[in-house]
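This report looks at the pocket, a helix and the nonpolar packing of one model. Please keep the structure open beside the text.

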Amino acid sequence: NVGRVRDVAEHVAKMAGWGERLPRGRGRGFACGDCNTLFMAEVVGEEVSDDGEIKVPRVWVAVDCGPVINPVGAEAQIQGAVTDAPGVALRCRVEVEDGMAVSVNFHTYQVARMADAPDVIVDFIGTDARVRGLGEPGLPPLAPALCNAIFAATGKRIRKLPIGDQLRA
């Protein structure tokens, strides 16, 4: 399956214009993954303000999931997972005290909001591999790609999730 991983990695790099110079405070990061022989690669474009605020305006995704039966539905599945992922990577933390979760609702467990939604550009690489579901595989590559983008923009490695205020001055 190395060839399939290479194919999605090279495809997403072309989609995102990998290697272009970016202005100060902006970075791109890459990650790829597989889930039950479905292969996906993502490039995250992000911005870090001078005070450490992180924004994820755009994510490029290349997917090899076998034949795409319903292109609109397949794209929506990837877009939904990728839209949720920045909120998870940046803020979602379950606080536990005395063995009990104290993060009990959306005011203490901050999921992605509409303002957080990146522009998600998805492209499918048609192969004859066995068809797989698309509900979850779009989410996992985003956090490592985002951390790589933050490193590209700031030189700081993120080693702990959620990212939260680790870049705040």
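## Pocket lining

The lining of the largest pocket is made up of 8 nonpolar, no polar and 4 charged residues, where Ala, Val, Leu, Ile, Met, Phe, Trp, Tyr, Cys and Pro count as nonpolar, Asp, Glu, Lys and Arg as charged, and the others, Gly among them, as polar. A pocket here is an open set of points on a 1 Å grid over the protein atoms alone, where a 1.4 Å probe fits, with protein on both sides within 12 Å along at least five of seven lines, and lining residues have an atom within 4 Å of a point.

The model is predicted, with local features needing pLDDT of at least 70 and side-chain atom pairs counting only at pLDDT 80 or more, while totals for chains, interfaces and linings use all residues. Residues are numbered from 1 along each chain as its sequence is written, and side-chain values use heavy atoms, with hydrogens and water left out.

## Helix H3

Helix H3 covers residues 142-154, and its end C-alpha atoms lie 18 Å apart, which agrees with the 18 Å that its 13 residues should span at 1.5 Å a residue, the expected span being 1.5 Å times one less than the number of residues. Helices (H or I, at least four residues) and strands (E, at least two) are DSSP runs, numbered from the N terminus. Just after H3, glycine 155 adopts a positive phi of about 80°.

## Nonpolar core

Among the contacts (heavy atoms within 4.5 Å) of isoleucine 78 are Met40, Val61 and Leu134, when residues up to four places away in sequence are not counted.
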